[in-house]
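Let's take a walk through this structure together, from its interior to its ligand. Please open it alongside the text.

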Amino acid sequence: MKEIKIESTLFVFDSLSELPKDVVYLMEKAVEAREKAYAPYSNFNVGAAILLDNNEVVLGSNQENASYPSGLCAERTAIFYAGSQFPKAKIIRMAITAGSKNKKTTKPIPPCGACRQSIAEYEIKQKAPIEIYFMGETGAIAKSNSLSNLLPLGFDKSEL
Ligand code: THU
């Protein structure tokens, strides 16, 4: 038997003022997207903004459904749109913000497992890391330099 330890690195910024202007801009776009979320069942609104290497910014918000599993998270709405509209473009970074109508979200809220798996697919496809910034409505912002830091031991095409 051997023990394997898995390490991961994240960076945490206390406020947006610590971030470069272009990242703040992307997070502002994520807030715009969040405000367009359709989340009447959970009251949990999520917005995602993606910067591509062709300078396009693609937005997505969560879209819920009366048949709950038919809804989709903000991150996948955005990344599938980016992949379908700009299949050759590389994703440079993604900004995510989540807020609840029921309580104030004041800490970084990471993407769910299914979204991490979906983002991982594009990181592997483009052979370049995707930076991920995520936050609540207010408070600290967390940054991962690559999706792989958020999904250690990920499943990918090399297993097929
Ligand atoms: N949600 C996202 O949009 N992204 C995540 O990473 C986590 C969850 C959405 C899905 C659902 O509409 C609501 O938040 C509550 O789970």
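Below come the origin of the model, the nonpolar cores, one threonine and the ligand site.

This is a predicted model, where local features need pLDDT of at least 70 and side-chain atom pairs count only at pLDDT 80 or more, while totals for chains, interfaces and linings use all residues. Residues are numbered from 1 along each chain as its sequence is written, and side-chain values use heavy atoms, leaving out hydrogens and water.

Let's begin inside. In soluble globular proteins, nonpolar side chains tend to be buried together. A nonpolar core here is a set of buried Ala, Val, Leu, Ile, Met, Phe, Trp, Tyr and Cys residues joined through side-chain atoms within 4.5 Å, with buried meaning under 20% relative accessible area (1.4 Å probe, protein chains only). The largest such core has 23 residues, and those with the most contacts inside it include I50, I91 and I132. A second, separate core of 13 residues includes V23, V24, A49 and Y133.

Now find T105. Because its relative accessibility is 6%, T105 counts as buried. One polar atom of the T105 side chain lies 2.8 Å from the backbone oxygen of A98.

Finally, turn to the ligand. Among the residues around the ligand (a heavy atom within 4 Å) are S42, F44, N62 and P111. In the side chain of E75, an N or O atom is 2.8 Å from a nitrogen atom of the ligand. A backbone N or O atom of C112 lies 2.8 Å from a ligand oxygen atom.

Technical notes: Buried < 20%, exposed > 50% of the residue type's maximum accessible area, 1.4 Å probe, protein only. Polar contact = N/O pair within 3.5 Å; in protein donor to acceptor, adjacent residues only side chain to side chain.
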